[in-house]
Structures are given as C-alpha cells and as structure tokens.
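Hi everyone, thanks for making time for this one. I'd like to walk you through a few side-chain contacts, and please stop me if anything is unclear.

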Amino acid sequence: MKRSLSLILSLILMLAALPAAARVTAAYVLSEENTASETWDATETTEATEATEAEPKISKSLAKAYIVYLVSTLYNQYYYNDVTEADYLYAALTQTIDDEYFDLDRSIKAMVENMDEYSAFFPAETFTEVIDNVRGEFSGAGIVMSKSIDDVMVMEVYADSPADQAGIKVGDIIKYADGQLLTGMALSDVRNIITGEKGTTVSLQVLRGEQMLDFTIIRGEVSVSSIENEICGDGEIGYIKLTSFTLSLEEFLKPVLDDFDKRGITKLILDLRGNHGGEVGAAQMLAELLLPEGVLTKVHYKDSSLNSDLKYTNNITTPKYDLVVLTDNYSASASEMFAGCVKARKLGTIIGEETFGKGSMQSIFRTITGSGIKFTFAEFYTPNDERIHTVGIQPDIHAEMEYTLPDAENFEDIDFERIGSTENGKGVYAMEQRLAVLGIFDGAPDEVWDEDTAQAIGKFQSYMNYAITSRPNLETLIALNDIDYTFYIEVDTPKQQAINYLMGK
C-alpha cells in the first residue's frame, strides 16, 4: 500500500522530536555479512550518558541515518517489487515511539515483516545461533538432548566433541548440571545451562543404567557433521546422505570421498532427501568435488542487468562418478540448486520425488543493535535458465518411501513376568528383536542384557514420551508387544532403486 508524502513527512518530524538517545541492545560496531562477502565497520560516538544507566545508547542522528540506510538497502536489494520505499519508511517510523525511547529493533522488525516468508528478523540474543547454524559450528558440550516427561536423555554425542572426550554416551540420563536438578525443567532451560562459551566448564551427573556418574566437561568448538556415509551394492557404490549445506561440509566430506577413491568406487548415490539447504558456498564446494567445472546456477536479481552465472572451477573435465541424486518434497534451496545443475547439464540421474520449490536466495547481516536481518535478494534458476522457485525439480525416475508393518512372525514372545527385570534370557531377545526392527537397537539381538539394551530401552521410552527408566516397565513391554500392528517401518524404495539403477550400468 502506498503512503502519502505528507504522512511520511509528519512521521519524520515526529522522529526528529524524539529524545537524543536511543535504546539498543549491543555495542556500536556494525558488521554487515552477506552472500557477496562484503564487510564494513562503522564506529559511532554517542552522546555522554550517566554511569548509572544500564543500557547503551546511540544518538538520535545515528538512529535516523540508520533507518534511512536500511530503507535504501532493502528497497534497492530486495528481490520482489511489491513493497515501496514509502512502505518501508512508514512501517519503520510507526514503530519507533515507545514512551520516551526510540525502539530501533522494533522499527527494523516492522520493515522486515513487509517482506516475503523467507525474510526474517532475529533478535540479538538468537542471531549468533543463526550464524552458527550456517557455519555448522558452535561452542558448547556437543550433545543432542531429548525431554521425556521429567527426564533429559542424551540422544546424540557429536564425534570428538567435549562431551565425547569426557565420556558422555547416548542413552545417558542427565540428572544434574552444575548442581542444579534438571527433573521437570524445560529443555530450553537445560540447554542454556549446559551450553556456554569456549573454555568454560559444566559439571554433569548422569544416570547410566543403575550407576550415577560424574563428568566435568570443558566447553569448546563443536563441528557438526552434516553427512552420513556407507558403501553398498556389493562394495561398488558409495552412498552419502547430506543433511544440510554448511560451511564445514568439506571438512567431513573430503575424507569420505578420498576413501571412496582409494577403494576404486566410481558409482555414487548422493541423498538430499529432507535437506532444506543452507549456504550457497557449500553448494559450490560440493559441485567442485563431484562435477565437471561449469555453471552451478543462474542468479536473477531485481535489476535484471545484473543477472549472472554462478560458476565453480576444478580440474574435472568428465564426470567423475556415475551419479544418482535422491530427492523428496523436502529437498529445498541449495539442494535444488545442486540437483537442478545435475539434471540440466545431464551429469547424473535424479530419483525420488519433486523437490520443494524454494529457489530464492537470502542475505544475512547484523544490524547496529546486534540483531540480524535475513532478506531475499535474488532467485536462482537452473543452468538452462528454468525457474525453480514455486516450481521445484522433477525427478527423472519417480520413487517414494514405502511403509509396512513389522514382520512379527519370528518374534520371540514378550515375557510380561519380566517387568523391571534385567536378567538374561529369551525375554531380552524378544525386546531387542523389536528394538532392532525399529532402528533403535544397533547390534544383533541376543539374550544378554547389557548397556546397549538399557540405552535402547531408554531411547524407546523417550520416543514414546514415557518416563525414562531404561528398564522394561509394564507400559514399555506393552508398547513393544504391540509394534506389529501399531508401528510402521520405513522401506527405502528410492535408495534401493538407485542401487539397482547403478548396478545395472
């Protein structure tokens, strides 16, 4: 909606009448980080404030200038043409009066809310986490936790993380952190206690089986692997599942590809199902490692005269692998950029489902308050200039996951007389059979109760939102007994089709 010039001018006059100080949430250094890797710093001197004031202030003139800068930046760079400069300015200025203070963050947020669904405003306290997710790195203990009723269970321990080095294991139930009882505490509050700055420590007391163990973890940098890999097809095919495109991708992917090369593997399945995308630079790096050099995507800007090819270079002149890319309805953004490149340039075969259709590109930068803005500045098309946004990538071969009930014909009967028992015997075998079918127990089922059995029982209880006892209580035994008609097992038909396709080449 267009705003009248007189209304905009009246709002500017109201802004000019505001007090000389403005409320902000961080220091005065402005660092802009975007996909073009442009950075600049501007240090501003604010008016003197009394020592008793708890919050930093910025000058009224700087606040006004910054709004003008943002309005100009967003209007000139935002890809879609459905918002005018007057709309941005109106949204900003009608949100700036908060008693006697000038609320700059509220003003910025109002501008961003005029944009598309992929643009967003991040408060200062969460913006660092956003950047960490893009990088695939953060500082902390390196564990993934799940809450079940009153208990907090360790669901994953990142390799070589501080928690891994300290000896924390999957299935551990965290009872205390720095002396605070975690029972009944919200998971977000638990996370705030356990995470922290590099070099600081956190003390954990965990229940493992029937033992209460003490650990002291020195928090540090944690790199999160975004890949899973295996060798299949009688040793002829390499399989890589990529869960996200982070800047740390090469660190984990390169050793896997080197191992495949040593084994003489020339057939590759790249699984991008469920991959929502991430950093464009990571998509370029993936192309550099797997595909002959060339155009990854075509970038369309608001000013069409700036449209350009996004390329990558390497020494690969012919396809290195017989390549299959697996996609589904949740493969989005950078996943579609890569899959679109493979399909358009005929560098492999796409198997699976139509992708999500998110072909817009976002820039992320930090504002003067420490908060962050993400806004759409371009769309990317396939190398043959076909639109991806709202359209998606069609597979060459359509295949979907299938779901079936477990085959319980050979299951040992659950022994309901074993409630709470950890004695070895057929009752343990019956539980482990079912837990293995559900993908919770990794080993070969046997009649021996051990730590792996207890961890699997605990994980099952967490998934079911039962109290985590890591023991076969009545509700756990009933649920395990009923899995043959209450739980559906995934059958990975697309992956099997990819294996069959490559084995036939």
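I'll go through salt bridges, rings, a hairpin and finally the cysteines. One thing to keep in mind throughout is that this is a predicted model.

Let's begin with the charges. As a reminder, side chains of opposite charge can pair when their charged atoms come close. How many salt bridges does the structure hold? The count is 14, and I'll pick out a few.

The pair I'd look at to start with is Arg208 with Asp172, where the closest N and O atoms are 2.8 Å apart. Arg208 belongs to strand 11 (residues 201-208), while Asp172 is in the loop between helix 6 (162-166) and strand 9 (173-177), so this contact ties together parts that are 36 residues apart in sequence. Are these two partners buried or exposed? Arg208 has a relative accessibility of 14% and therefore counts as buried. Asp172 is also buried, at 0%.

Now please turn to Lys495, which will keep us busy for a moment. Its side chain meets that of Glu230 in a salt bridge, at 2.8 Å from N to O. Glu230 sits in strand 14 (residues 227-232) and Lys495 in helix 15, so the bridge connects parts that are 265 residues apart in sequence. The two ends have their own surroundings: Glu230 is partly exposed, with a relative accessible area of 35%, whereas Lys495 counts as buried at 15%. The cut-off here is 20%, and buried means under that value, which is why Lys495 at 15% falls on the buried side.

Lys495 has a ring contact too: it lies over the face of Tyr239, 4.0 Å from the ring centre. And what caps the N-terminal end of helix 15? That is Asp492, with a side-chain oxygen 3.2 Å from the backbone nitrogen of Lys495. Helix 15 itself covers residues 493-503, and its buried residues are Thr493, Pro494, Lys495, Ala498, Ile499 and Leu502.

For another long-range link, look at Asp261 and Lys320, whose side chains form a salt bridge at 3.3 Å, N to O. This pair joins distant parts of the chain, 59 residues apart: Asp261 is in helix 8 (residues 249-262), and Lys320 is in the loop between strand 18 (308-312) and strand 19 (322-327). Asp261 counts as partly exposed, at 35% relative accessibility, and Lys320 does as well, at 32%. There is also a network: Lys241, Asp271, Arg273 and Asp492 are joined by salt bridges that share partners. You'll recognise Asp492 there as the residue that caps helix 15.

On to the aromatics. Searching the whole structure gives 7 aromatic pairs. One of them is Tyr66 with Tyr69, a tilted pair with 5.6 Å from centre to centre and 35° between the planes. Both residues lie in helix 2 (residues 60-77), 3 residues apart, which is about one turn of the helix. Tyr66 is buried, at 4% relative accessibility, and Tyr69 is partly exposed, with a relative accessible area of 23%.

Then compare Tyr78 and Tyr80. Their ring centres are 5.9 Å apart and their planes meet at 75°, so this pair is edge-to-face. Tyr78 and Tyr80 are both buried, and ring pairs link them with Tyr79 into a cluster. One more ring worth finding is Tyr118, where the charged end of Lys358 sits over the ring, 5.0 Å from its centre.

Next, the hairpin. Strand 21 (residues 360-366) has 6 of its 7 residues buried, so it is largely enclosed by the rest of the structure. Strand 21 pairs with strand 22 (residues 372-381) in the antiparallel sense, over 7 bridges. If you want a register mark, Met361 has Ala378 in strand 22 as its bridge partner. The two strands form a hairpin with 5 residues between them, and Gly370 in the turn has a positive phi of about 95°.

Last, the cysteines. How many disulfides does the structure hold? The answer is 0. Two of the cysteines to look at are Cys232, which counts as buried at 9% relative accessibility, and Cys341, also buried, at 0%.

That's my tour, so over to you for questions.

Methods:
Residues are numbered from 1 along each chain as its sequence is written. This is a predicted model: local features need pLDDT of at least 70, side-chain atom pairs count only at pLDDT 80 or more; totals for chains, interfaces and linings use all residues. Side-chain values use heavy atoms; hydrogens and water are left out. A disulfide is a pair of cysteine sulfur atoms within 2.5 Å. Buried means under 20% relative accessible area, exposed over 50%, partly exposed in between (1.4 Å probe, protein chains only). Rings of Phe, Tyr and Trp (its six-membered ring) pair if their centres lie within 6.5 Å; planes under 30 degrees apart count as stacked, over 60 as edge-to-face and the rest as tilted. Helices (H or I, at least four residues) and strands (E, at least two) are DSSP runs, numbered from the N terminus. A charge sits over a ring if NZ of Lys or CZ of Arg is within 6 Å of the ring centre and within 35 degrees of the ring normal. A polar contact is a pair of N or O atoms within 3.5 Å; within protein, one must be able to donate a hydrogen and the other to accept it, and residues adjacent in sequence count only if both atoms are side-chain atoms. Two strands pair if DSSP finds at least two bridges between them. A salt bridge is a side-chain nitrogen of Lys or Arg within 4 Å of a carboxyl oxygen of Asp or Glu.
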